[in-house]
Every structure is written in structure tokens, then in C-alpha cells.
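User: I would like to go through this model step by step, with the reasoning set out before each answer.

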Amino acid sequence: MKIDILSLFPDMFNDVFNESIIKRAKEEKLVDIKIHNFRDYSNDKHNKVDDTPYGGGCGMVLTCQPIFDCIDDIKTDDAKVILLTPDGKTYNQSVAYDLSKEKHIILICGHYEGFDERIRSICDLEISIGDYVLTGGEIAAMAIVDSITRLIPGVIEEESHLNDSFNNNRLDYPTYTKPRVFRGMEVPEVLISGDHKKIDEYRKIEAEKKTIEKRPDLIEK
Ligand code: 6GU
């Protein structure tokens, strides 16, 4: 999968995309991530990317020209253009699955007080990662790229995300590792029994209990 990110702060991505699973996915060519500083596309002699809002008001607004030109330059026929904005559709695991099947996605990170409304016209989808406001879309882009990359076939074993939290609107079951007793806390007996039918049953019940307790809203879905 090809992922392009439009951002005024490309350095923010360095550490996150060069460690652990994303790093390995890039090395194995399962994902190709490029960051584009759309300031480089500005036609303004000072490389300006923002201006004051029509009608007045505080703050600066991202202008159309640099973003439109950058998209014109990098967009393929397969590309899905996604605007990252607090007023977008709330992101979740189901959207992550859908996006992990795309050939090419382009993420636009907004900044400052907002962007010219006409930028929405070149986007196929608008995403928010939750009901709070970030200073820009970069952290949202990192969360989205991370959650999508792990779902690309071959990046992690499929079995390890079949039981992920939020699949089928259920949280993941509890897991334990050695030692059997730690500071008086014991591993549930059934997990040591070797009886896989019983273990599966136990995990299903525990996942259900945990979901009811922590996220009753998921049960209703
Ligand atoms: Cl995608 N962008 C910004 N600026 N704030 C957000 C967001 C995105 N998602 C939640 N808050």
C-alpha cells in the first residue's frame, strides 16, 4: 500500500515511522510512506500557506493553492484522499479495516485555525480520531497509519488481529504469561489445563464480561 501524507511538520513523523512494526513493514515493502511538505508547493514568494479568514475572526486559514497543487502532483487513479479534521467521521477499527484494503491513500493534515472550505472538494473522506481538538492532523495521521499498517496482510500474523479488541464490537480477552503466580496473583487454572475447548469458552466469556464492564456502549452496537 502507498501512503502519502501532506504536512507542514514532516519531522514529526520520523521516530514513529522508523521503529517497530511500521519500520519492518516499510523494509519489507508492504507499505510505502512518503511525507510531503506542502509548503514546497506554495506559489507565494515567501512560501506562505495560510492567510486571514474572509469575514474576519482570529487565526490563520490554510489556503487552497499549495494543497491543491500537491494533490495534483501525487494523486493516482486509485488514490483515496482523506482530510484529517475534528469535524470528520469518527475513526474506528472498522474504518481501519476498510482503509487497509486500499491501494493508495493520501492524508492531509490541517493546521492553525482551519483550512479553506474548498479544500473539502478534493477529498473523498474526512476523518477525526475522537471528540477533542488537536493542534494539527499529524498525531491523527500517525494513529491512522499505525492502525492500518498492522492490518495489511503479511505485516503481523493474521491470527494476532483476529482477536483484537473492537472486532465484532468486543474487547480482547485477558492474557497471562509466566510465572504462574506473581505477588500472590494466580493465572486462571483453565489456561494451564491444556483443554482448548474450555480455554476458548473461557476467553469468550471473559471478553464478554470485560466488554459489559468497560464498554457497555459496544454491546448495544
Ligand atoms: Cl483528525 N485533527 C485535529 N486537528 N484535531 C482532531 C482530529 C484531527 N481528530 C480529533 N481531533
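User: In which sense do E1 and E6 pair, and over how many bridges?

Analyst: This is a predicted model, and the answers below should be read as values computed from it. One bridge between the two strands sets lysine 2 against its partner in E6, histidine 104. Taken over their whole pairing, E1 and E6 run in the parallel sense, and the number of bridges is five.

User: What is the order of the strands in the open sheet of five strands?

Analyst: On one side of the pairing just described, five bridges join E1 to E2, and these strands run parallel; within that pair, isoleucine 5 has isoleucine 35 of E2 as its bridge partner. On the other side, six bridges join E5 to E6, again in parallel, with isoleucine 82 standing opposite leucine 107 in E6. The open sheet, with parallel pairing, therefore has E2 and strand E7 (125–128) at its edges, and its order is E2-E1-E6-E5-E7.

User: Why is one side of E2 and of E7 left without a neighbour in the sheet, and what is the average twist from one strand to the next?

Analyst: E2 and E7 stand at the edges, and each has a single partner strand, so one side of each is left without a neighbour in the sheet. From one strand to the next, the twist averages 30 degrees.

User: How many of the residues of E6 are buried?

Analyst: The two faces of the strand can be taken in turn: His104, Ile106 and Ile108 are buried on one side, while Ile105, Leu107 and Cys109 are buried on the other. Both faces of E6 are thus covered, and the count of buried residues is six of six.

User: Is aspartate 4 buried or exposed, and which side chain does its own side chain meet in a polar contact?

Analyst: Aspartate 4 lies in strand E1, and because its relative accessibility is 1%, under the 20% limit, it counts as buried. Leaving out residues up to four places away in sequence, it touches Lys34, His36, Ile74, His104, Ile105, Ile106 and Leu107. The polar contact, at 2.6 Å, is with the side chain of histidine 104.

User: Against which strands do the buried residues of H3 pack?

Analyst: Helix H3 spans residues 64–74, and its buried residues are Cys64, Pro66, Ile67, Cys70, Ile71 and Ile74. Ile74 is also among the residues touched by aspartate 4. The strands against which the buried residues of H3 pack are E1, E2, E4, E5 and E6.

User: At about what angle to E6 does helix H5 run?

Analyst: Helix H5, residues 138–149, lies across E1, E2, E5, E6 and E7. Its angle to E6 is about 160 degrees.

User: Which strand gives the most residues to the shell around the ligand?

Analyst: The ligand is surrounded by Leu84, Thr85, Pro86, Ile127, Ser128, Ile129, Gly130, Tyr132, Leu134, Gly136 and Ala140. Strands E5 and E7 each supply at least two residues of this shell. With three residues, the strand that gives the most is E5.

User: What distances separate nitrogen atoms of the ligand from N or O atoms of serine 128, tyrosine 132 and leucine 134, and what percentage of the ligand's accessible area does the protein cover?

Analyst: For serine 128 the atom belongs to the side chain, and the distance is 3.4 Å. Backbone N or O atoms are involved for the other two residues, at 2.5 Å for tyrosine 132 and 3.0 Å for leucine 134. Of the 290 Å² of accessible area that the ligand has on its own, the protein covers 96%.

User: Which two residues are joined by a cis peptide bond?

Analyst: Most peptide bonds are trans. Here omega is about 5 degrees at a bond whose proline is found in the loop between helix H6 (158–162) and strand E8 (181–182). The residues joined by this cis bond are lysine 178 and proline 179.

User: What is the approximate phi of serine 20, and what is that of asparagine 47?

Analyst: Most residues other than glycine have a negative phi. Serine 20 lies in helix H2 and is exposed, with a relative accessible area of 56%, whereas asparagine 47, in the loop between E2 and strand E3, is partly exposed at 35%. Phi is positive in serine 20, near 55 degrees, and positive in asparagine 47, at about 60 degrees.

Conventions
Residues are numbered from 1 along each chain as its sequence is written. This is a predicted model: local features need pLDDT of at least 70, side-chain atom pairs count only at pLDDT 80 or more; totals for chains, interfaces and linings use all residues. Side-chain values use heavy atoms; hydrogens and water are left out. Buried means under 20% relative accessible area, exposed over 50%, partly exposed in between (1.4 Å probe, protein chains only). Helices (H or I, at least four residues) and strands (E, at least two) are DSSP runs, numbered from the N terminus. Contact means heavy atoms within 4.5 Å. Two strands pair if DSSP finds at least two bridges between them. Axes are lines fitted to C-alpha atoms, for helices over the stretch in contact, and angles run from 0 to 180 degrees between N-to-C directions. A residue is near a molecule or strand if one of its heavy atoms lies within 4 Å of it. A polar contact is a pair of N or O atoms within 3.5 Å; within protein, one must be able to donate a hydrogen and the other to accept it, and residues adjacent in sequence count only if both atoms are side-chain atoms. Accessible areas come from the Shrake-Rupley method with a 1.4 Å probe; for residues, only the protein chains shown count as cover.
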